[in-house]
Amino acid sequence: EGSIVVDWQRMEGLTAVGLMSGTSMDGIDVALVKSDGLSSIAFGPSHSVPYPPKIRDRIKQGLVEALDIKLAANRCDRPGSLETLERDLTDAHVEAVQACLSAHSLGRDAINLIGFHGQTVLHRPEIALTVQLGDGPRMADRLGTPTVYDFRAEDMKHGGQGAPLIPVFHQALAQRLVADGIATFPVAFVNIGGIANVSYIDHENDPIAFDTGPGNALLDQWMEEQAGIPFDQGGRIASEGRVDDAIVKRVLGHTFFDVAGPKSLDRGDFLPLTDSLDLADGAATLAAVTARSIARAREHFPKPPKCWIIGGGGRLNTTLMTMLATELRDDKAVVWTAEQAGLDGDMLEAQAFAYLAIRSEKALPLTFPTTTGCKAAVAGGLTAKPASQV
């Protein structure tokens, strides 16, 4: 175990604030990163701001209204209440940046850029349509800082799926971890959110990335339906259950697992299939589905990873982590949580968008044929300059 914490203020490079508001709609993560856009990278302070319940309810309504954005040509449309929601979401992100800077006694002159992902309300790669609510020019004006936004559209114009965007950040982290003697190539970064996804990094090629299968979505849904609780805290209930191998094999028999990446899933693509089980056995079985499907990703890598670094909420499920380590034991691989590798598992996505903003500013690629299926490596992101700098 080690750490890649560096004195970020003394390091050369651009300083960016990254902003992330994910599909869980629980709030805004803010993180400062200093980097050259390559493997020189240092982390500054971070901050989280929960959404008020009213905003969360409006985002849920926005997901419904976004279905009226029918054509790629109309991706800038904001039907229904989306226009006012976009303005209010942007202002909430502005206030989150201000709160972070204030909490750490930093002025706006401490940052060069903002990486503003926005809130995804529609993602339809099959028709090259992706919509993230977030008014980059408004944010740039309110904070007086150039703001990079709309990160996904350029990739989709070049035949990509618009996601994932994070693998190039994982590549920079892997290079740092290896250089510091913490990890050894190949390195796999796994994010276990609702869906689990992986980035495979070696020392010479572009990253390989794809969704591996269900992450927490089926398990959380099971806990909600069967016990009225949102998730299995620490994997405690799964630890008391027995895995139904027949169900696991049936799920992993899906053709999705046989196909190489890039590939992606919707959270509704897999059904639990565990209705016949009691609470603990169902939790154990669904945790096993996640662990084994992540392990099966090795079939699509050039070599087995020597180090696996696990982020996302699934890293906190110790039963799932134990199952994954068991699945990978024959490779003699290290399986770490993000924290065990010296990273902040709660802030990786916000940090990634700070790093991507710096790469965008330098016109460096964000996505690759091996990550999104784009025809060639693509830079991306639009930059809004504050009116005072135009």
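Helix α2 passes helix α3 in a right-handed crossing, a term used where the near helix is turned clockwise from the far one by less than a right angle. The model is predicted: local features need pLDDT of at least 70, side-chain atom pairs count only at pLDDT 80 or more, and totals for chains, interfaces and linings use all residues. Residues are numbered from 1 along each chain as its sequence is written, and side-chain values use heavy atoms, with hydrogens and water left out.

Two packed helices are described by the angle between their axes and the distance between the axes. Here the axes of α2 (residues 82-103) and α3 (residues 136-143) come within 10 Å and cross at roughly 35 degrees; such axes are lines fitted to C-alpha atoms over the stretch in contact, and angles run from 0 to 180 degrees between N-to-C directions. On the α2 side the contact (heavy atoms within 4.5 Å) is made by Arg87, Thr90, Asp91, His93, Val94, Val97 and Gln98, and on the α3 side by Arg138, Met139, Arg142 and Leu143. These residues divide into 4 nonpolar, 3 polar and 4 charged.

The protein chain as a whole contains 11 helices and 13 strands, assigned as DSSP runs (helices H or I, at least four residues; strands E, at least two) and numbered from the N terminus. Its radius of gyration, taken over C-alpha atoms, is 20 Å, which agrees with the value near 21 Å for a compact globule of 390 residues; the globule rule is 2.2 Å times the number of residues to the power 0.38. Of contacts between residues at least 6 apart in sequence, 70% join residues at least 24 apart.

Buried residues (under 20% relative accessible area, with a 1.4 Å probe and protein chains only) make up 54% of the 390 residues. The largest nonpolar core, a set of buried Ala, Val, Leu, Ile, Met, Phe, Trp, Tyr and Cys residues joined through side-chain atoms within 4.5 Å, has 45 residues, of which Val198, Trp308 and Ile310 touch the most other members. Helix α9 (residues 279-296) gives the most to this core, with 10 residues. Leaving aside residues up to four places away in sequence, Val198 touches ten listed partners, including Phe189, Ile208, Phe301 and Trp308. Apart from this core lies another, of 41 residues, among them Ala174, Val187, Ile201 and Ala350.

Thr337 is found in strand β12 (residues 334-337). Thr337 counts as buried because its relative accessible area is 14%. Beyond four places away in sequence, Thr337 touches Ile309, Ile310, Arg315 and Met321.

Notes
Ala, Val, Leu, Ile, Met, Phe, Trp, Tyr, Cys and Pro count as nonpolar, Asp, Glu, Lys and Arg as charged, and the others, Gly among them, as polar. Buried means under 20% relative accessible area, exposed over 50%, partly exposed in between (1.4 Å probe, protein chains only).
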